[in-house]
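Colleague: Could you take me on a close look at one residue and then show me what surrounds it in the wider fold? I am new to reading structures, so please go step by step.

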Amino acid sequence: MRFYVLTLFPGILAGAVSESILGRAIHRELVELTLVDIRDFADNRHKVVDDYPYGGGPGMVMKPEPIFGALESLDTPPGVPILLLTPQGETFDQELARELSEGPGVVLICGRYEGIDERVREGLPVREVSVGDYVLTGGEFAALSIIDAVSRLVPGVLGEQRSPEEETFSRGLLEYPQYTRPAQFRGMRVPDVLLSGNHALIERWRREQSLLRTFLKRPDLLDRAHLDEDDLKFIESLKKRKNA
Ligand code: JFB
């Protein structure tokens, strides 16, 4: 999986990656990260990459030429999607992470300042993506989230692990409570069922805990979750209990 990141702050990504499991994935050549400093493509002597907004107003806008230049310098495999990180984009989610992980790579364009000259959107085949409804100072931390979420779906990046399909957002439910030793900590006990050794019972308890948590914390997820007949019965019992 190849990531190409266009940024004015390559050090943010280099630092984060070197300190994480992603660094190991890169070392093992499962993931490749190409950092492109947009400033290297400034077309003026003083390496200026931003300018005042036409029409006036506060802040600065990123100039289009260095971004086009940086993008055109890349030697990407054909069909690599170009994501423009912006608060205006479609919200990144597990489904998009999976989609991207099945392709050859991703180009991520990170802006700064108040944003990017509109002609980047107009003149380049970009897909606008946001990581959530909150405001960042630039696209770098959004890009890191996406790189992290996509990389961990690449076979081999995580060690021996349960398949990503079993996890929260793939299966569509929140995870059940987890415990490790000691069995009792500051008066708080691990649920007896987990110490019972009865694997059928444990599995059912975990499934019901997942359903209960999702019902209480993220009921919106239940509409899209893959539920079997037992799950639906359990949810019905929760609804009845709530109304009682
Ligand atoms: C991404 C960015 C800015 C306009 C620009 C470039 N979920 C997200 N929140 N914020 C960003 C994002 C994503 N993806 C984001 C790129 C840039 C924010 N800014 C700063 C702030 C407000 N309005 C510049």
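**A buried lysine and the fold around it**

Modeller: Let's start with K63, which is buried, with a relative accessible area of 17%. It counts as buried because the value is under 20%. Please keep in mind that this is a predicted model. Along the chain, K63 sits in the loop between strand 4 (61–62) and helix 3 (64–72). What does K63 touch, apart from residues up to four places away in sequence? The list is D43, N44, V48, V49, D50 and D51.

One of those names leads us onward. V49 also belongs to a nonpolar core, but to see where that core fits, let's begin with the largest one. The largest nonpolar core has 29 residues, and the members that touch the most others are F3, L85, F92, L100, L108, I146 and V150. At least two residues of this core come from each of strand 1, helix 1 (10–18), helix 2 (21–27), strand 5 (82–91), helix 4 (94–101), strand 6 and helix 6. Helix 6 gives the largest share, with 7 residues. L85 is a good place to look inside: setting aside neighbours within four places in sequence, L85 is in contact with L108, I109, C110, V129, G139, A142, A143 and I146. Now back to V49: a second, separate core of 21 residues includes V49, L74, V107 and V126.

F3, from the first core, takes us to the strands. F3 has V106 in strand 6 as its bridge partner. Strand 1 and strand 6 (residues 105–109) run parallel and are joined by 5 bridges. Strand 1 also pairs with strand 2 (residues 32–37), again in the parallel sense, over 6 bridges. In that pairing, Y4 stands opposite T34 of strand 2. Strand 1 (residues 2–7) is largely enclosed by the rest of the structure because 5 of its 6 residues are buried.

Helix 6 also lets us look outward. F141 is found in helix 6 (residues 140–151), and F141 is partly exposed, with a relative accessible area of 48%. Together with Y134 and L136, F141 forms a nonpolar patch on the surface, with about 310 Å² of accessible area in total.

Finally, let's turn to the charged pairs. The model has 13 salt bridges. In one of them, D231 pairs with R207, and the closest N and O atoms are 2.5 Å apart. This pair links distant parts of the chain, since D231 is in helix 11 (residues 229–243) and R207 is in helix 9 (residues 199–217), 24 residues apart. D231 is buried, with a relative accessible area of 3%, whereas R207 is partly exposed at 22%.

Helix 11 also holds a salt bridge between K239 and E236, with closest N and O atoms 3.8 Å apart. K239 and E236 are separated by about one helical turn, because they are 3 residues apart in helix 11. K239 is partly exposed at 39% relative accessibility, and E236 is partly exposed with a relative accessible area of 39%. Elsewhere, salt bridges that share partners join E90, E99 and R127 into one network. As a last stop, R189 forms a salt bridge with D192, at 2.9 Å between the closest N and O atoms. D192 is exposed, with a relative accessible area of 54%.

Technical notes: Residues numbered from 1 in each chain as written. Predicted model: local features only at pLDDT ≥ 70, side-chain atom pairs only at ≥ 80, totals over all residues. Heavy atoms only, no water. Salt bridge = Lys/Arg side-chain N within 4 Å of Asp/Glu carboxyl O. Buried < 20%, exposed > 50% of the residue type's maximum accessible area, 1.4 Å probe, protein only. Helix = DSSP H or I, 4+ residues; strand = E, 2+ residues; numbered from the N terminus. Pairing = 2+ DSSP bridges. Contact = heavy atoms within 4.5 Å. Patch = residues over 30% accessible without salt bridge, like charges linked within 9 Å, V, L, I, M, F, W, Y side chains within 5 Å. Areas by Shrake-Rupley, 256 points an atom, 1.4 Å probe, with all protein chains shown as cover. Core = buried A, V, L, I, M, F, W, Y, C linked by side-chain atoms within 4.5 Å.
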